[in-house]
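Here is a friendly briefing to read with the structure open beside you. Take it one topic at a time and look for each part as you go.

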Amino acid sequence: MNIKGNLKYTITSSIVFLLIYMFVAAIPIGPDLYFEPGWTRDLTQPLDSPDTPLVSSDLSRPEAFILGSRFGYFAPDGRILRNETSNMRISVSPWAWAVYPQDARGTGINFTDGSPKMTISESGYVHLDDDRVFLFLPGGNGIRQYDRSGVPMWTREHTAPITAFNSSPAGAVIGYADGNLSFIRTDGTEAFSFYPGGSNSQVILGASVSEDGTLVACVSGLERQRFLLVKVTGNQHKILHHTWLEGDLDRQVYVNFEQKGRYVFFETSRGLGVMDCKRLTDWLVKIPGRIVTTGECPGDSIFLVLSKEGDEYALSAVERPNHLVASTRFAARDAFLLQRGTSIYLGADSSISRINIRGLE
Amino acid sequence: MNHRRLVVSLLLTLSLLPMAHGLEWPVAEIHLQRLFGQRSEGRMEQGLVLGKAGVVRAADNGKILITLEQNGNMNGFPGTLGNAVIVKHDDDLLTVYGNLDSIERVDEQSHVDSGNILGNAGTSGWTDEGSFIFQVIDQAKKTVLNPLLLLPLLNEKRDPSIRNVVAVSPSGQTYALGSVRSIRQGKYKLYADVADTVDKSGHELSPFRVTVILNGGEYRSVPFELIKADRGNLYLGSPEYRANILYGDPERMYLGEVILTRGKNDLVIIAYDTAGNEKSTLFGLQTE
């Protein structure tokens with residue numbers, strides 16, 4: 001047996017294999033990702049230009065914010081356009097804002113510049129979602145949508161409290177404590193209403209609808225909690241995908257489609273679930289605490305997550321599928337995250353900062 | 001006729017006696033502000049609203065199904081129950097505890113025993129400050145139940161009141177019963193201001209049932225026992241009693257439609273409260 005000859009042959013083969021592998025299996029290294037600080041504004045200071053109109057005409061879409069009892073608008077260039085505090089309840093969207101008391105029996109809704117837009121004369125809590133106006137009715141199980149002039153479009157009541165809600169231009173998805181999931185189109189017609197079931201206890205903990213209204217997602221049930229993705233076509237609906245989740249959350253959970261509808265984010269007891277609605281695959285990003293919000297996905301490669309654990313918030317950057325690129329923690333009572341492409345707006349208590357994501361191009 | 005009325009009345013009273021109660025009062029002192037099915041902001045109350053509630057406790061053993069939090073950011077929705085705990089019990093019953101100051105008490109719990117503290121009544125939901133919202137849902141039957149059916153009986157002796165009874169003809173002509181003695185034959189819609197009080201606070205509460213007896217036979221009944229839904233609309237017992245119909249008149253409750261035939265008609269309206277007290281009013285009408 002020629003051991004020496006065999007060894008020589010093995011070593012040579014290995015080197016040749018490694019050389020071939022290096023060229024064939026090579027993946028181009030992406031550009032380095034980094035976060036570049038933009039501006040920071042202190043909200044305890046007076047407005048930048050008190051003599052100029054609060055919302056200038058070139059601002060088609062100011063960004064809205066709520067930080068505890070403080071709310072207002074800011075421009076991408078850092079101008080604070082409205083900055084108010086209120087001890088009442090606040091609803092604010094890029095289109096309008098409203099404040100109202102605990103026992104609201106009529107609520108005035110104002111344009112972003114403060115001029116009156118409409119009055120909702122009924123009792124309940126106003127919810128502004130972009131340019132959509134909803135009223136959550138006393139008792140916890142009813143909701144009404146209004147048009148832009150304050151005329152009721154539809155009302156929906158059910159025999160259990162509302163536990164989940166989300167809307168898009170296509171309609172509103174409503175989840176209930178008895179496990180019912182309903183999707184109401186903007187014209188008030190019911191696209192579907194069903195009980196996903198499958199778990200020992202039925203309840204909808206979170207739900208979301210895609211911008212175009214063709215997909216609805218929810219987290220439902222206790223003891224075998226699960227995530228469902230529902231396809232909506234005309235008056236038909238079909239469960240496209242479902243995933244059993246490990247462990248249970250017995251509180252309201254975060255579920256949200258990104259704007260393009262390709263991905264949907266959902267909160268689980270083990271972290272953030274991400275579902276690719278095209279490939280129907282899902283994965284988990286281990287982020288502790290509660291998910292507050294997720295950002296959009298510039299270049300479809302990275303997204304940001306704001307989470308809260310105890311008294312601390314964490315801002316995490318995740319590269320698909322589930323690679324935690326960076327995470328930073330900060331103490332705050334209230335915080336928000338908005339992501340517009342490669343621009344991030346992060347609010348914490350009394351300040352707002354802009355951060356730019358670089359290295360993605 | 002009197003004998004028949006007595007039998008009907010007895011049967012109704014027996015049917016009203018709450019079933020063997022399965023829940024305990026979730027508050028120590030009971031200050032009823034609004035009852036199940038009561039007119040509330042143009043809608044029907046879905047449960048009980050208890051004033052000066054203080055500490056709120058679980059009404060029975062169960063599993064925490066979900067906790068709801070008063071929305072404080074832009075990613076949620078402003079639920080009108082505010083901070084709330086929903087507990088699932090045996091037999092698919094859910095109890096809902098709304099307008100709590102916080103849900104921290106149950107943050108780490110998955111089960112509660114009867115009497116466990118869930119929180120204090122607060123200012124987080126749509127109701128009066130310090131009030132507490134209590135609802136019971138039958139998950140299997142998809143109905144909202146009157147919690148008083150399952151809670152220990154209230155010991156109070158005040159009779160309900162029946163006032164301002166009117167009959168409205170299809171043409172919209174209103175006849176105040178008690179003032180008119182004769183009326184044309186035909187269909188009429190009956191309305192009355194029916195209320196109950198249980199203590200000196202004077203809070204006017206809804207009755208437990210209102211029954212209309214025409215010429216000795218039960219004709220209409222408005223039962224404040226359960227609320228059902230039909231295509232997104234709620235109704236009390238029967239689709240005839242949707243909130244916008246039941247409380248379409250701002251001062252009175254709709255009791256139903258009666259047909260008065262030629263001759264003498266005896267119309268009796270009986271109101272019952274949850275403690276079994278009743279009040280009846282007789283109208284003798286000569287119909288032409």
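The notes below go from a whole chain to its domains, then to a contact between chains, a core and a hairpin.

This is a predicted model. Much of the briefing follows chain B, which has two helices and 23 strands. Chain B is divided into domain 1 (2–14 + 156–287) and domain 2 (19–149), and chain B also touches chain A, with 43 residues from chain B and 39 residues from chain A in the contact.

**Chain B as a whole**

- The radius of gyration of chain B is 21 Å, close to the 19 Å that the globule rule gives for 288 residues, so chain B is as compact as a globular protein of that length.
- Measuring along the principal axes, the C-alpha trace of chain B spans about 70 × 40 × 35 Å.
- Of the 288 residues in chain B, 44% count as buried.
- Among contacts in chain B with a separation of 6 or more, 63% come from residues 24 or more positions apart.

**Two domains in chain B**

- How far apart do the C-alpha centres of domain 1 of chain B and domain 2 of chain B lie? They are 30 Å apart.
- The contact between these domains takes 15 residues from domain 1 of chain B and 18 residues from domain 2 of chain B.
- On the side of domain 1 of chain B that touches domain 2 of chain B, the elements giving two or more residues are β19 and β20 of chain B.
- The largest share of that side, three residues, comes from β19(B).
- Sorted by class, that side of domain 1 of chain B has nine nonpolar, four polar and two charged residues.

**Where chain B meets chain A**

- The contact between the chains draws 43 residues from chain B and 39 residues from chain A.
- Several strands of chain B supply at least two residues each to the side that touches chain A, among them β7 (83–88), β8 (93–100) and β12 (143–145).
- Which strand gives the most to this side of chain B? That is β6(B), with six residues.
- By class, the side of chain B that touches chain A has 17 nonpolar, 16 polar and 10 charged residues.

**The largest nonpolar core**

- In soluble globular proteins, nonpolar side chains tend to be buried together.
- The largest nonpolar core here has 174 residues, and those with the most contacts inside it include A:Val216, A:Cys218, B:Val85 and B:Leu255.
- This core draws at least three residues from each of domain 1 and domain 2 of chain B.
- Beyond its neighbours within four places in sequence, B:Val85 is in contact with residues including B:Ile64, B:Tyr97 and B:Leu118.

**A closer look at B:Ile64**

- You will find B:Ile64 in strand β6 of chain B.
- Why does B:Ile64 count as buried? It has 22 C-beta neighbours inside 10 Å, and 20 or more are needed for a residue to be buried.
- Leaving aside neighbours within four places in sequence, the contacts of B:Ile64 include A:Asp250 in chain A, as well as B:Val85, B:Val87 and B:His111 in chain B.
- B:Leu35 is 29 residues from B:Ile64 along the chain, and their C-alpha atoms are separated by 25 Å.

**A hairpin in chain A**

- Strand β27 (residues 312–319) of chain A pairs with β28(A) in the antiparallel sense over eight bridges.
- A hairpin of three residues joins β27(A) to β28(A).
- Within this pairing, A:Tyr313 stands opposite A:Phe330 in β28(A).
- Is strand β28 of chain A well covered or hardly covered? Strand β28 (residues 323–331) is hardly covered, as the count of buried residues among its nine residues is zero.

Definitions and conventions:
Residues are numbered from 1 along each chain as its sequence is written. Chains are lettered from A and ligands numbered from 1 in the order in which they are written. This is a predicted model: local features need pLDDT of at least 70, side-chain atom pairs count only at pLDDT 80 or more; totals for chains, interfaces and linings use all residues. Two residues are in contact if their C-beta atoms, placed from the backbone, lie within 7 Å. Helices (H or I, at least four residues) and strands (E, at least two) are DSSP runs, numbered from the N terminus. Ala, Val, Leu, Ile, Met, Phe, Trp, Tyr, Cys and Pro count as nonpolar, Asp, Glu, Lys and Arg as charged, and the others, Gly among them, as polar. Domain bounds come from an automatic or database domain assignment. A nonpolar core is a set of buried Ala, Val, Leu, Ile, Met, Phe, Trp, Tyr and Cys residues joined through C-beta atoms within 7 Å. A residue is buried if 20 or more other C-beta atoms lie within 10 Å of its own, exposed if 12 or fewer, and partly exposed in between; C-beta atoms are placed from the backbone. The radius of gyration is taken over C-alpha atoms; the globule rule is 2.2 Å times the number of residues to the power 0.38. Two strands pair if DSSP finds at least two bridges between them.
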